[in-house]
Each structure stands twice: as C-alpha cells, then as structure tokens.
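How do two copies of a chain sit together, and what can we learn from the place where they meet? Have a look at the sequence and structure, and then we will walk through them together.

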Protein chains: 2
Amino acid sequence: MDDRPIGVFDSGIGGLTVLKEIMEQLPGEDIVYFGDTARIPYGTRSKETVIKYFFQSVRFLLTKDIKAIVIACNTASALAMEEAQEAFEIPLLGVIEPGAKAAVSATKNSIIGVIGTEGTINSQSYQRKIRQMLPSAEIIGIPCPLFVSIVEEGWENTDVAYLTAKKYLLELKEHNIDSLVLGCTHYPALRYTINKVLGDNVILVNPAYETAKAAKIMLKEKNLLSNKADGGKCRFYVSDNPEKFKRVGGNMLKKEIASVEKVNIESL
Amino acid sequence: MDDRPIGVFDSGIGGLTVLKEIMEQLPGEDIVYFGDTARIPYGTRSKETVIKYFFQSVRFLLTKDIKAIVIACNTASALAMEEAQEAFEIPLLGVIEPGAKAAVSATKNSIIGVIGTEGTINSQSYQRKIRQMLPSAEIIGIPCPLFVSIVEEGWENTDVAYLTAKKYLLELKEHNIDSLVLGCTHYPALRYTINKVLGDNVILVNPAYETAKAAKIMLKEKNLLSNKADGGKCRFYVSDNPEKFKRVGGNMLKKEIASVEKVNIESL
C-alpha cells in the first residue's frame with residue numbers, strides 16, 4: 001500500500017478527461033496534475049522538442065513525491081514515453097497501449113481507424129502497438145488538427161464540426177473501419193458528431209477511460225494502491241494561465257477547482 | 001546608410017507574409033528571420049509568458065548584429081512591444097500601429113472591425129490605437145481562433161472556412177462595419193472567404209503590407225536604409241522543426257528556402 005499521489009501529465013487541459021476517469025475508478029487516490037499550458041500544443045512539435053518538454057514536466061512532478069505517472073497526452077505518450085522509461089525510474093503509463101488494446105478487443109473485421117494530432121499519427125505508435133497485438137490488422141491513421149480548436153471553441157455539435165468531421169473521416173469510411181481510436185484527449189468531446197458521420201457500426205474507443213482502468217491494474221500489480229477508501233485530493237499545476245485553467249477546467253470536471261499554481265517549467 | 005540586416009520576428013511561419021512584403025518594398029535589405037516554432041501559438045498565452053518568449057527572441061536576434069526589428073506577430077506586437085521598447089535600445093516596429101492607421105484611412109462610417117487571436121483582441125491594442133487616431137470610432141473586436149488551424153490545414157476556400165467565417169463575422173456584419181483589420185498573420189489567406197461573407201463594401205486591411213511600408217519610412221527617417229540597390233539576403237532561424245519550416249515556408253514565399261537553422265531559444 002502506498003498513499004503517495006499519482007502524477008498526471010498533459011500538455012494542457014485535455015488531460016482532465018483522463019483525470020476524471022481516474023477519480024471515478026480510483027476514488028481513494030491523491031493526484032498531482034500538471035498541464036504544460038505555456039507550450040501547448042505538443043501535437044505539431046518535433047520528437048526532440050516533445051521529449052525535452054515532457055522530461056521537464058516529469059522532473060517537476062517528481063518534486064511532488066509521486067508514486068507513478070499517467071501520461072494523459074497522446075502526443076507525449078507516442079513520442080516520449082519510451083525515452084522517459086529509460087531515463088526515469090518511476091512507473092509510467094501512457095494512453096497508447098490501453099487505447100490500442102481496446103481497439104483490438106472491439107474490432108471484428110480487423111480494420112481499425114486511428115485519429116490524433118500530426119505528431120501522434122506520424123509517430124505510428126498506435127499503429128505499431130495494434131499490429132503487435134493483431135498482426136493481420138489493417139490500420140488507417142488520420143491526423144485531424146482542426147478538431148482541437150473546434151473543441152476549445154465549444155463548437156463540438158455545430159455544422160462546422162460536422163463538415164470538418166466529414167472531410168477528415170471520409171477515408172476511414174471508405175476503408176470500412178469498424179472501430180476508431182479517439183487518439184487525442186480533446187476528441188471524445190466530438191463523439192456524437194463523429195458517430196453521426198461514421199454511423200453506429202463503428203465503435204469509438206476512448207483511451208482516457210481505458211487508461212484509468214489500466215492505471216488501476218498497474219497500481220494493484222505493483223502494490224501501490226492507496227489505503228484510503230475514498231476522498232482522494234487533487235492538486236493542480238500549470239506553466240501558464242492558471243486563471244483560465246481554473247475556469248475552463250472547472251467546467252470540464254463539473255466541479256470547482258479551488259486553486260491552480262503556476263510553475264516555471266523551463267527552468268527544470 | 002546602414003548595411004546591417006533587419007530582424008523579423010514571428011511566433012512561427014505566418015510572419016513570412018510580412019517578410020515577403022518587406023522583400024518587395026525594400027529589395028536591398030538583408031534580413032534575419034526568427035520564428036519561435038517551439039512555442040507557437042502565442043495567441044492563447046498570458047501577457048507575462050508572451051513577454052518572456054518575445055524577450056528571448058529579441059536577445060537571439062541581437063546576436064545577429066541587426067539594425068532594427070520588425071515584429072510580424074500581432075500577439076507579440078499587442079502584448080510585448082511597449083515592454084520591449086523600454087527594455088531594449090534597438091528600433092522596434094510592430095504591426096498594430098500600421099494596421100490601425102490603414103483602417104482609420106479606409107473607414108468612412110467610422111465603424112471598424114478587428115479580428116485576431118484571443119491575446120490580440122483582449123489586449124485592446126488595435127482598439128486603443130484606432131481610438132487615439134479617430135476618437136469617434138466604433139470598434140468591434142472578435143477573436144477567431146479557428147482561422148489559424150484552417151489556414152494551416154490549407155482549407156482557406158472550403159465550405160468549412162465559409163461556415164466558420166459566417167459564424168465569427170455575423171456580429172461585424174450586424175454592426176455594419178465598413179473596414180476590417182485582419183489582425184493575425186494567417187488571416188490574409190482567408191480574404192476571399194471573408195469577402196464572400198462580408199461583401200465588397202467592407203475594406204480588408206492587411207497589416208503585413210502596411211507594416212512593410214512603415215518599415216521603409218522608419219529606416220529612412222533614422223537613416224538606416226541599406227546602400228545596396230537590390231539582392232538583399234535572407235537567413236532563417238526557428239526554435240523547432242526546421243525541415244517543416246523549409247517546406248511550408250518555401251511554399252508560402254514561392255521560392256526555395258536554402259537553409260534553416262535551429263536555435264535553443266529557452267537558454268537565452
């Protein structure tokens with residue numbers, strides 16, 4: 001048993017979807033959340049830069065006496081997790097493996113779509129992981145950069161969202177996919193619009209949910225679960241705009257965020 | 001006369017529109033361009049962070065023995081130019097004043113629209129500058145964050161762009177504006193779509209063009225124009241993804257970019 005907090009990393013605010021799932025599935029755990037809002041988005045940056053930014057973030061989280069880190073950001077999971085596993089001793093869990101596993105369980109025809117940022121899709125991380133588990137899989141990856149801005153604008157269910165989804169997802173439809181990984185923390189907010197474009201026969205996989213499940217299993221295996229039955233506390237840190245994080249994050253979590261501290265991440 | 005290069009700053013690649021205008025209007029000038037691609041976009045960041053990032057960029061440009069800096073980025077011009085003028089001795093020219101001046105010249109009914117990033121619009125920089133020159137002006141500022149992603153996706157003339165423009169610009173139309181400042185380096189690429197929504201009676205002001213004109217005047221006044229009649233050379237530096245900059249930037253400038261160097265901007 002280990003009452004130290006879990007660290008949750010994201011490039012910004014989108015990782016609150018993963019946090020929310022962890023809070024529901026692991027209500028006894030304390031959490032330290034860090035969002036690198038001064039340098040969001042990671043999705044268009046080079047691998048080298050994503051590694052640098054993510055390592056600084058890990059170094060910050062390590063100052064908070066955490067027992068493990070969940071990487072909510074798909075891009076950081078895709079581009080920097082392996083390197084971080086070599087560089088740091090703390091247990092790390094990214095969203096790629098749980099997301100890939102769920103897609104493999106869901107598919108019947110072995111034709112799987114993956115959508116995400118440029119960085120995530122071009123890294124081939126989901127594609128590789130899926131192929132390891134299901135070598136016969138046909139996988140179609142499409143970067144959908146506009147989706148992030150649409151969600152941040154609150155336009156998830158507008159005609160702009162629908163037309164954008166139609167443009168991006170046409171190729172997936174033509175390939176007859178039967179499951180789709182929503183490989184960016186923002187995308188689950190678009191699930192109704194995506195469902196409208198792809199139809200009910202395509203199962204939408206939300207890695208946030210799968211990752212929280214995987215976190216529980218990992219902590220149990222490593223004997224790191226907290227002793228407390230419930231009432232886990234959450235502390236929030238960002239590298240820019242704490243006030244905005246408080247406001248928008250509160251809306252996302254559907255409960256007030258009492259305080260958010262700003263971190264000088266570049267010095268780490 | 002002064003043959004040293006002009007420094008041009010942008011948060012990324014959008015400032016190449018300003019560079020292009022400078023190259024046309026000042027063909028004899030050498031230029032050093034820096035794009036802070038590791039931390040783009042500036043438009044959603046706090047004033048404090050924009051100042052920090054911009055100051056680091058100025059310190060980099062100063063290592064290149066430049067004679068003046070043109071700030072192509074609207075957000076940096078809006079949030080950090082005054083502070084930089086106090087902190088650095090080098091002549092600085094931003095896009096806000098030239099853009100505001102052109103809007104004031106263009107308007108007949110004194111009802112002016114301004115579009116830009118969240119940071120630019122909320123800073124009220126354009127609004128204040130216009131009001132200084134035309135106190136009776138009615139100014140409507142609208143942040144249009146999706147426009148940047150649309151341009152970066154190459155979707156300027158699609159139905160997604162048209163619907164998005166209709167959504168953002170409706171209020172400007174209702175206010176009966178007769179001129180509109182395109183207050184973000186990416187937006188001039190959307191001028192046909194914006195024109196389709198607002199109609200021919202609304203004059204679109206492109207601060208990139210106005211800023212190049214103002215740069216020529218400033219250099220002349222300060223006796224800093226180059227002696228060379230033409231053939232000015234341009235060197236390019238970025239903080240991330242030089243290969244991508246080379247490819248996309250070459251398309252924007254419609255000529256090949258021979259080399260782009262990567263700068264470790266955070267150490268400055």
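This report looks at how the two chains are arranged, how they touch, and what their cysteines do.

## Two copies and an axis

Before we start, keep in mind that this is a predicted model.

Two copies of a chain are related by a rotation about an axis and a shift along it. Here, a turn of 180° with a shift of 0.0 Å along the axis lays chain B on chain A, and the RMSD is 0.0 Å. The two copies are therefore related as by a two-fold rotation axis.

## Where the chains meet

How many residues does each chain bring to the contact? Chain A gives 33 residues, and chain B gives 33 residues. Of the interface residues of chain B, 100% are also interface residues in chain A, so the copies meet through the same surface.

The size of an interface is often given as the accessible area lost when the parts come together. Chain A and chain B bury about 2,700 Å² between them, and 47% of this is on carbon and sulfur atoms. Three residues stand out on the chain B side: Leu146(B), Lys167(B) and Glu266(B) supply 20% of the area that chain B buries against chain A, more than any other three residues.

## What links the two sides

Charged side chains take part in the meeting too. Eight salt bridges are found across the interface of chain B and chain A. One of them joins Lys244(A) to Glu118(B), with the closest N and O atoms 3.4 Å apart. The interface also has 29 residue pairs in polar contact, counting pairs with both residues at pLDDT 80 or more.

Which elements of chain B give two or more residues to the side that touches chain A? They are helix H2 (47–62), helix H7 (146–152) and helix H8 (159–174) of chain B. The largest share comes from H8(B), with six residues.

## Cysteines without partners

Now for the cysteines. The count of disulfides over all chains is zero. Why does Cys144(B) have no disulfide? A disulfide needs two cysteine sulfur atoms within 2.5 Å. The closest cysteine sulfur to that of Cys144(B) is in Cys184(B), and because it is 9.1 Å away, it is too far for a bond.

Cys234(A) tells a similar story: its closest cysteine sulfur, in Cys73(A), is 17 Å away, too far for a bond. As for their surroundings, Cys144(B) counts as buried at 0% relative accessibility, while Cys234(A) counts as partly exposed at 25%.

Technical notes. Residues numbered from 1 in each chain as written. Chains lettered and ligands numbered in written order. Predicted model: local features only at pLDDT ≥ 70, side-chain atom pairs only at ≥ 80, totals over all residues. Heavy atoms only, no water. Buried < 20%, exposed > 50% of the residue type's maximum accessible area, 1.4 Å probe, protein only. Least-squares fit on C-alpha atoms with pLDDT ≥ 70 in both. Contact = heavy atoms within 4.5 Å. Buried area = accessible area lost by both parts, 1.4 Å probe. Salt bridge = Lys/Arg side-chain N within 4 Å of Asp/Glu carboxyl O. Polar contact = N/O pair within 3.5 Å; in protein donor to acceptor, adjacent residues only side chain to side chain. Helix = DSSP H or I, 4+ residues; strand = E, 2+ residues; numbered from the N terminus.
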